[in-house]
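Reader: I'm new to this one. Could you take me through the surroundings of the ligand, and then show me how that part fits into the chain?

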Amino acid sequence: MEHLRDLLRLPPEEAKLLPRGWQILGAVILVSIPDALKHHANAIGDALLAMYPRCSTVLWNRGVAGRFREPICEVIAGMSGTETTHKENGCYFRLDASRIMFSQGNLAERMRLSEMCDGEVVLDMFAGIGYFSIQIAVHSHPKKVIAIELNQAAYHYLRENIRINRVEEVVLPVHGDCAIKSPENVADRVIMGYLDVTHEQLVSGLCAARSGGIIHYHEGTPEALRYQRPIRRIKDAAHECGRSVDIIGQRTVKKYAPGVVHVVVDVKIYDE
Ligand SMILES: C[S@@+](CC[C@H](N)C(=O)[O-])C[C@H]1O[C@@H](n2cnc3c(N)ncnc32)[C@H](O)[C@@H]1O
């Protein structure tokens with residue numbers, strides 16, 4: 001495969017700023033471009049399409065924003081739109097890449113969970129387009145997966161993805177706020193896969209788990225407080241709702257922002 005640098009032939013001081021990586025979601029390429037190269041954005045997009053003939057659109061990725069973690073981006077090459085089907089871990093994910101993020105850094109965590117839910121009732125509190133729920137339904141044999149999503153656009157694709165992966169019998173999509181829609185005392189496993197204000201929903205997560213159930217709690221944590229802050233928050237929430245907890249696992253998923261890491265803490269819940 002040709003290199004971006006060879007296709008674009010920019011002066012050396014610009015060539016060294018060219019992106020070295022990008023994300024491919026189905027037929028859409030997402031690339032971050034430094035501001036110093038913004039006048040070359042369309043040329044970079046065209047060069048990427050030349051490198052990946054099966055792709056049809058390039059988005060300039062400027063990050064994600066807001067409570068729904070929506071991408072900030074613009075089309076810089078291609079005319080085929082931004083809706084696509086991405087395949088991961090044997091599952092299909094229909095999404096509009098300009099409206100829905102898909103974090104590849106979480107792949108290992110999704111694969112890990114997808115195989116450990118046999119016979120369980122699983123609650124996916126921040127389901128998005130079904131990143132966890134679909135993979136669990138396809139690769140384990142859960143009794144039920146309850147997938148709650150607040151954003152209307154993501155909920156639309158969640159339903160679509162349940163259909164195209166043929167897991168309608170297993171995954172129940174719920175549109176709304178998990179603080180209100182989470183059931184109580186039923187889940188063998190609760191996934192809290194959100195980073196911004198996940199701790200605000202900890203009490204709902206703890207109440208949703210049955211005694212002996214497990215919560216996978218995700219948090220964007222300052223590096224210096226890597227496991228300390230999430231564990232303190234879990235213990236405070238458990239105290240508030242009269243449950244006791246055992247910390248049974250902790251992992252760093254990825255670097256999230258300068259000085260901030262994405263961590264997961266696994267917790268077993270008991271009635272006091
Ligand atoms: C981006 S996804 C998480 C990504 C996923 N865990 C992964 O593996 O990449 C987080 C989702 O939580 C949803 N969300 C945020 N607050 C919510 C709430 N209170 N109730 C339900 N869904 C919520 C957002 O709309 C978003 O779709």
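Author: Sure, let's start right at the ligand. Among the 21 residues around it, the nearest are Phe-126, Gly-128, Leu-150, Asn-151 and Gly-193 (near means that the C-beta atom, placed from the backbone, lies within 6 Å of the molecule). Helix H5 (131-139), strand E8 (144-149) and helix H7 (178-181) are the elements that each give two or more residues to this shell; helices (H or I, at least four residues) and strands (E, at least two) are DSSP runs, numbered from the N terminus.

A quick word on the model. It's a predicted one, where local features need pLDDT of at least 70 and side-chain atom pairs count only at pLDDT 80 or more, while totals for chains, interfaces and linings use all residues. Residues are numbered from 1 along each chain as its sequence is written.

Back to the shell: by class, eleven of its residues are nonpolar, five polar and five charged. Here Ala, Val, Leu, Ile, Met, Phe, Trp, Tyr, Cys and Pro count as nonpolar, Asp, Glu, Lys and Arg as charged, and the others, Gly among them, as polar.

Now zoom out. The chain splits into domain 1 (4-81) and domain 2 (105-271), with bounds from an automatic or database domain assignment. Their C-alpha centres lie 32 Å apart, and the ligand's shell draws at least three residues from each of them. In total, the chain has nine helices and 13 strands. Its C-alpha atoms fill a box of roughly 65 × 45 × 30 Å, taken along the principal axes.
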